[in-house]
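Here are a few short exercises to work through with the model open beside you. Try each task yourself before reading its solution.

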Amino acid sequence: MPNVFTTPPPLEPGSRIAVAAPSRPIDESMLDRACERLRETFDLEPVVFESARKDWEWLRDNPQARAEEIMDAFEDPTIRGVIAATGGDDQIRLLKHLDPDRLTASPTRFYGYSDNDNLRLFLWNHGIVSYGATLHPTLTVDPAIHPYLERYLRRAFFQSSLGVVEPAPEWTDEWFDFDSGEPREWHENTGRTWHGENRVTGRLWGGTFAIVEWHLQTDRYLPAPTELDGTILALETSEDVPLPREVRYTLRTMGERGLLERFDGLMMGRPQTFSPDLEWEPPADYGEQLREEVLSVLDEYNPDATAVFDVEFGHADPNVPLPLGAKATLDPAVGRVRFE
């Protein structure tokens, strides 16, 4: 683990925040809506970088240029934060073009998740805390920003810590329809599920399951195994909605590699169970099946770990901008998740 983790300085009202597309772009109407909400709701001044207005073909062919923009934004003393336009599926191609010295010389708050967890894990390796939010869908989907999301996004923008993350009163994994303007269907939140009795504190490592899996496969950007000692593994399964047994297989390989036993805790985000491109129909009890598969591996390779499921981060809504690299405390006795 890096000797020192840095939480970049918080933004202030009126701060300039870079808008870039280190993964994929979004269309102009989404870009305009998100930038308007940055201004009107959070009093931030978006600075739209070139990549955010490029098409996907250009971004695909220019990973080095995308990486250069991120480094430029970090180095610009007038910019206090960088937020990704949206996710995607190829950001791992950027990492070899990043110069860690340019990023660590002026740590800047980076906001992104999904495919952007590639960059966030790279920042983790160099001791920089980053946050899980994007322009789309974080700021574009609903007719109004959900109050729960706004509360924690304000903390991620303007405070040094998210503090205690309370369960949301409701949730949805209904797919966003940007053009309809109709509210989505929300469900009452029945709460989180805890496993284990130990109160644990550790730095968060992980993110979107697919991205963690890619990093395990490439084995190029993983921290040394000892650097994961005492950390907390954070995972969420995204709109890919992997078969629960596939998640078990990956966690089992982490166990066989001697990685899973190093985490003191596990935090799982509430799973997204719908995507228009899915090739299978997730069952109504998908979340329960996923939890059972995860616990079966945890019981074998790390039975003393504390785990909590259905935490508000990831692709289901509303969510908190999960701070990778920050210290988290899982306290099953009082059912509390706290970021320090």
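Buried here means a relative accessible area under 20%, and exposed means over 50%. Please keep in mind that this is a predicted model.

**Exercise 1. Check the length of helix H1 against the expected span.**

Start with the residue range: H1 runs over residues 28–42, which makes 15 residues. The expected span is 1.5 Å times one less than the number of residues, so at 1.5 Å a residue H1 should span 21 Å. Now turn to the end C-alpha atoms, which are 20 Å apart, so the two values agree. Just past the helix comes Asp43, with a positive phi near 55 degrees.

**Exercise 2. Find the buried residues of H1 and work out how they are arranged around the axis.**

First list them: Met30, Leu31, Ala34, Cys35, Arg37, Leu38 and Phe42 are the buried residues of H1. Because these residues cover an arc of only 155 degrees around the axis, they sit on the same side of H1. A general rule helps here: an α-helix has 3.6 residues a turn, so residues three or four places apart point the same way. Next, ask what the buried residues pack against. Their partners are strand E1 (16–20), strand E2 (45–48) and helix H6 (147–158).

**Exercise 3. Decide whether Met30 is buried or exposed, and find how far it lies from Asp179.**

Met30 belongs to helix H1. Its relative accessible area is 14%, so Met30 counts as buried. For the distance, compare sequence with space: Met30 and Asp179 are 149 residues apart in sequence, while their C-alpha atoms are 9.5 Å apart.

**Exercise 4. Describe the largest and the second largest cavity.**

Begin with the count: there are six cavities of 30 Å³ or more. The largest cavity holds about 110 Å³ of space. It is lined by 16 residues, with Pro137, Thr138, Asp142, Leu149 and Arg184 the closest to its centre. Sorted by class, this lining has eight nonpolar, four polar and four charged residues.

Then move to the second largest cavity, with about 90 Å³ of space. Its lining has 13 residues, and those nearest its centre are Tyr113, Arg120, Phe313, Gly314 and Leu322. Helix H5 (117–125) and strand E10 (200–208) are the elements that each give two or more residues to this lining. By class, the lining of the second largest cavity has four nonpolar, six polar and three charged residues.

Notes. Residues numbered from 1 in each chain as written. Predicted model: local features only at pLDDT ≥ 70, side-chain atom pairs only at ≥ 80, totals over all residues. Heavy atoms only, no water. Helix = DSSP H or I, 4+ residues; strand = E, 2+ residues; numbered from the N terminus. Buried < 20%, exposed > 50% of the residue type's maximum accessible area, 1.4 Å probe, protein only. Arc of directions from axis to C-beta. Contact = heavy atoms within 4.5 Å. 1 Å grid on protein atoms, 1.4 Å probe; cavity = no way out; pocket = protein on both sides within 12 Å on 5 of 7 lines; lining within 4 Å. Points joined across faces, edges and corners; volume = space filled by probe spheres on them. Nonpolar A, V, L, I, M, F, W, Y, C, P; charged D, E, K, R; others polar.
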